[in-house]
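Biologist: I am new to this model and would be grateful for a close look at one part of it. Please begin with a single pairing of side chains and then set that pairing in its wider context.

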Amino acid sequence: MTQKKDVKIHVPVLARVEGEGALELDIENSQVASVKLRIFEPPRFFEKFLEGRDYNEVIDTVARICGICPVAYQMSAVHAIEHIFDIPVHPTVRALRRVMYCGEWLESHGLHIHLLAAPDFLGFANAIELGAAYPEEVKRGLRLQHVGNKLIKLFGGRSVHPVGVRVGGFYRLPTRSECDAMVSELKAAVEECAQLVLWTASLPLPEDEQEFTSVALQHPEEYAMNEGNIVSSLGLSVPADQYQNHFEEIQVPHSTAFHSHLHGKPYLVGPLARVNLNWDSLHEPVQQLLQKTAIDFPSKNVFHSVIARAAEMYYALLEAIAILESIDLELSPVNVTPKSGVGYACTEAPRGILWHRYEMDQHGHVIKATIVPPTSQNQARIEDDLRNALNKFDLTKSDEDIRLHAETIIRNYDPCISCSTHFLNLTVNRKCGES
Amino acid sequence: MRIEKQIADSSPKPTLAVHKFTSCDGCQLAFLNLGEALLTLSELVDFTHFAEAGPVNPEASVDIAFVEGSISTPDEEQRIKKVRENCKYLITIGACATAGGLQALRNSSNMDEWRAAIYPSPEHIDALETATPIKSHVRVDFELWGCPVSPRQTLAAVRSLLSGVKPVLEEEKVCLECKRLNTVCVMVAKGLPCMGPVTQTGCGAICPALNRDCYACFGPAENINTFSLTSRLHEIGLSAEHISRRYWFINNFTPEFQQAGHNALVANKHDSKERR
C-alpha cells in the first residue's frame, strides 16, 4: 500500500521583490499538481479614490501606485487624459517624455539586475553579500541606477514621485546648460553600461526554453515607450483603445492581483517581450553588442530577461544622449481645455505594458478609472513558467532547493507587487507516493 | 542609559530592520537609491531584515526598525505589534506610516461598496475598513514625513542614532525653504494655490522651483494657519470642493488637514446661506 506523506515548506516573505507575495506549491508523486502565486499586497483602491479628482491631480495620484515606476504611471495617465482633451503632444514634449522614461528604465532595471536578480544567478543571498564578492560590478550597477535617478530628477525634482509632469507638457523644462551637464554624465556611463550587458550575458543563467506569447508596444520609427500599437508574437496589433476586446482580467481567490489573459491564455510582458518583438527598432550599437553575446533574439528562455534588461539600459543611455544633445528647448505654453469623454493609453513601464482608461466629465474630473499594471499581466505567465520549469527540475531535491529555484523564476520577472492596484512566502505541499 | 546611546554602543554594530506595510515601496527606495552610499551604510549598520534588499528575518530583535506603510489589514494589525516588541527604536518613514497616506481616503468611504466596485468576488479581499498610521497601533519613537521620504532624512536619522543623539525634527514650512533657495513665491507671483504655507519642508521645496504649487505631500507644518490659507485659496478662485481636495490628498488623515478640509466645505455652506 502506498504511504502518503505531506511536506510543507513555509517562507513568510518572498525576498527581493517589490511588495509582498507568497507561493503555494502542491507536489504529488514528484509532479507539480498545483501552483498558486499568492499576492497579498493589501488593496489600496486607487481606482476608487481617483474618482472626482481633477486631471492634474490624477498625475500626482497615480505616481503613488508604485515607488519604483512612478514615471510609467504618470506617462500612461497623462497620455490618456490628453487623448480625452484632444491635445496633440508637442514634438519637444514627446521627446523629453521619452528621456524621462529612459531615466526610469535605467533606475528600475539597474535596481532589479543588481539588488534583486543577480544574487540568485551567482549564489548569494542578497546584494550586500554579492557586493563583497563582486564589488566593482555592484558599484557599477549602483552608479548606473543613480544616473537614471538623476535623469528623472532633471524633469521631476526628485526620482520617486517626481512632480514635473502635467497635462500638456511639463511644469518646467530643463535649461540648455542642465541638459549639457546631464549629457556629460550619461556619456561617462556608456562604456560601463556596455560592460554590464556583456556581464549579464556571462552569468550562469539556467537553460530553460519554453513556449510563450510576447506582448509589447510597437512603433514603426522607434523602440516603443509612449506610443504605438499593442502587438503580440502571434500577430495581434491593436491600438490601446481596443485592449479590452482582446485582453481579459480575471480575479482568482488566492491573490489580490487580477490575472490577465490574451484570448484566454497567459502572456509575457517586459524587457524580453520587447526585445523579442522590437529588435529591429533597437539602435545599431545595441544590436551589435547583443550579437557579441552569442544569444539569439527572439529568445524562448525567460532567464534572458536579465540580458534584455541590461540591453535596454544601454539603449536608454544612447537614446537620452541623442535626444538631449539635439533638442530645441523653446516651447510656448499649451492651452488645456477640459472635455468630457473616455481616453486610453498604454505605455511601456520597466516591467511591461501599463494600460490606463479614464472617463471624465466636462470639467476634467474623473468619473471612472481602470488601471492594468504589468505585474498582473505577467502573473498567469509566472504560474505557467513555474509549472513547466519545476516539472523539469528534479523534484526529489530538498524543499530548500525547490524553493530557491522557484523564487529565482519569480524574481526573474521583476514582479512589482506594490503596483498591483487591484498583488510572496512559499508553501510546498508534497504528497509523495512511497512504495 | 538613554536609548540613543544604547543604540550607538551596540556591538559589533547596530542592527537595522526595514518593514513594509500598506505602501508603494517608494520610501524604502530612500535606502535602495543611495547608490554607492548604500554600501557604506551597510558597513555602519547590520541590515537584519529588509525583504526588498534580501535579508528576511522579520521577527529578529533589532536596534532600529524603519516602518513603511499604513495598517490596513487584520494581519498587519498583529504584525506591527511584533515589530514594536522586537525593536528598541521605531521610526516611521513616509506619509503612509506617519499619517495613513493617500489610501486613508477610504476611511471616510463605504468600503463594502469600494470592494464590490473593483473586485468581482469581494469576499476574497481581506482588508480593514480603515488605513491608519502606525502611531494609532503602537508607540512610535520618531516620525519622518514625506511622500516619499528622501535619503537625506533617513540618513540623518541613522547618523544621529549612531552618534547617540535623538534625530532632529524638521517642522518648518516649505515657504522658508523657498526663501532660502531664492525661489519666487508662486502664490504671490502667479496666483497658484500653493499649499507651502501649511506644509512642512524636507522635500527641498521642489514644486515651486518647478513653477508649480506645492500639494502638501510632506504633511502639516508646526503652528499652521489653515483658516488664512483657505480664505486665500477662495480669493484665488478655487471652489470649496477644490480647496477641501487640496487638504484631503496625500496626508488627508492628519487631524489638521481633516479639519481644514471640513471647514472649507462648511464655511462655504454658511456663506451661501448669508448670501440668500
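In what kind of interaction do the side chains of A:Lys187 and A:Glu325 meet?

Modeller: The model is a predicted one. In it, the side chains of A:Lys187 and A:Glu325 form a salt bridge, with 2.5 Å from N to O. A:Lys187 belongs to helix 7 (residues 176-202) of chain A and A:Glu325 to helix 11 (residues 305-326) of chain A, so the salt bridge ties together parts that are 138 residues apart in sequence. Both ends can be placed by their accessibility. A:Lys187 has a relative accessibility of 45% and therefore counts as partly exposed. A:Glu325, at 44% relative accessibility, is likewise partly exposed. Side chains of opposite charge can pair when their charged atoms come close.

This pairing has a wider setting, for the structure holds 42 salt bridges over all chains. Chain A also contains a network of salt bridges that links A:Arg94, A:Arg98, A:Glu222, A:Glu227 and A:Glu319. In chain B, the side chains of B:Lys135 and B:Glu143 meet in a salt bridge at 3.2 Å, N to O. B:Lys135 is partly exposed, because its relative accessible area is 44%.

Other salt bridges join the two chains. The rule finds four salt bridges across the interface of chain A and chain B. One of them pairs A:Asp60 with B:Arg212, where the closest N and O atoms are 2.7 Å apart. Another salt bridge is formed by B:Glu36 and A:Arg143, whose closest N and O atoms are 3.3 Å apart. This pair crosses between chains, from the loop between helix 2 (29-32) and helix 3 (37-44) of chain B, where B:Glu36 is found, to helix 6 of chain A, which holds A:Arg143. B:Glu36 is partly exposed at 33% relative accessibility, and A:Arg143 is partly exposed with a relative accessible area of 30%.

The interface around these pairs can be described as a whole. In it, 61 residues of chain A are in contact with 57 residues of chain B. The area buried between chain A and chain B is about 5,100 Å², and carbon and sulfur atoms give 64% of that area. Between the two chains, 13 residue pairs are counted in polar contact, with both residues at pLDDT 80 or more. On the side of chain A that touches chain B, at least two residues each come from helix 1 (46-49), helix 2 (55-62), helix 4 (91-122), helix 5 (127-133) and helix 6 (135-156) of chain A. Helix 6 of chain A gives the most to this side, with nine residues. By class, the side of chain A that touches chain B is made up of 25 nonpolar, 19 polar and 17 charged residues.

A further contact surface lies within chain B, which is divided into domain 1 (7-162) and domain 2 (174-275). Their contact takes 16 residues from domain 1 of chain B and 14 residues from domain 2 of chain B. The C-alpha centres of these two domains of chain B lie 27 Å apart. Together, domain 1 and domain 2 of chain B bury about 1,100 Å² between them, 62% of it on carbon and sulfur atoms. B:Leu102, B:Trp145 and B:Cys147 lose the most area on the side of domain 1, together 40% of what that side buries. Here the rule finds zero salt bridges between domain 1 and domain 2 of chain B, while three residue pairs are in polar contact, both residues being at pLDDT 80 or more. The elements giving two or more residues to the side of domain 1 that touches domain 2 are helix 5 (94-99) and helix 7 (151-162) of chain B. That side of domain 1 divides into nine nonpolar residues, six polar and one charged.

One residue of chain B merits separate attention. B:Asn252 is located in the loop between helix 12 (240-247) and helix 13 (255-275) of chain B. B:Asn252 counts as buried, because its relative accessibility is 1%. Its side chain reaches two backbone oxygens, that of B:Gly101 at 3.2 Å and that of B:Phe249 at 2.7 Å. Apart from neighbours within four places in sequence, B:Asn252 is in contact with residues including B:Leu102, B:Ala104 and B:Phe257.

How values were computed. Residues numbered from 1 in each chain as written. Chains lettered and ligands numbered in written order. Predicted model: local features only at pLDDT ≥ 70, side-chain atom pairs only at ≥ 80, totals over all residues. Heavy atoms only, no water. Domains from an automatic or database assignment. Contact = heavy atoms within 4.5 Å. Buried area = accessible area lost by both parts, 1.4 Å probe. Polar contact = N/O pair within 3.5 Å; in protein donor to acceptor, adjacent residues only side chain to side chain. Helix = DSSP H or I, 4+ residues; strand = E, 2+ residues; numbered from the N terminus. Nonpolar A, V, L, I, M, F, W, Y, C, P; charged D, E, K, R; others polar. Buried < 20%, exposed > 50% of the residue type's maximum accessible area, 1.4 Å probe, protein only.
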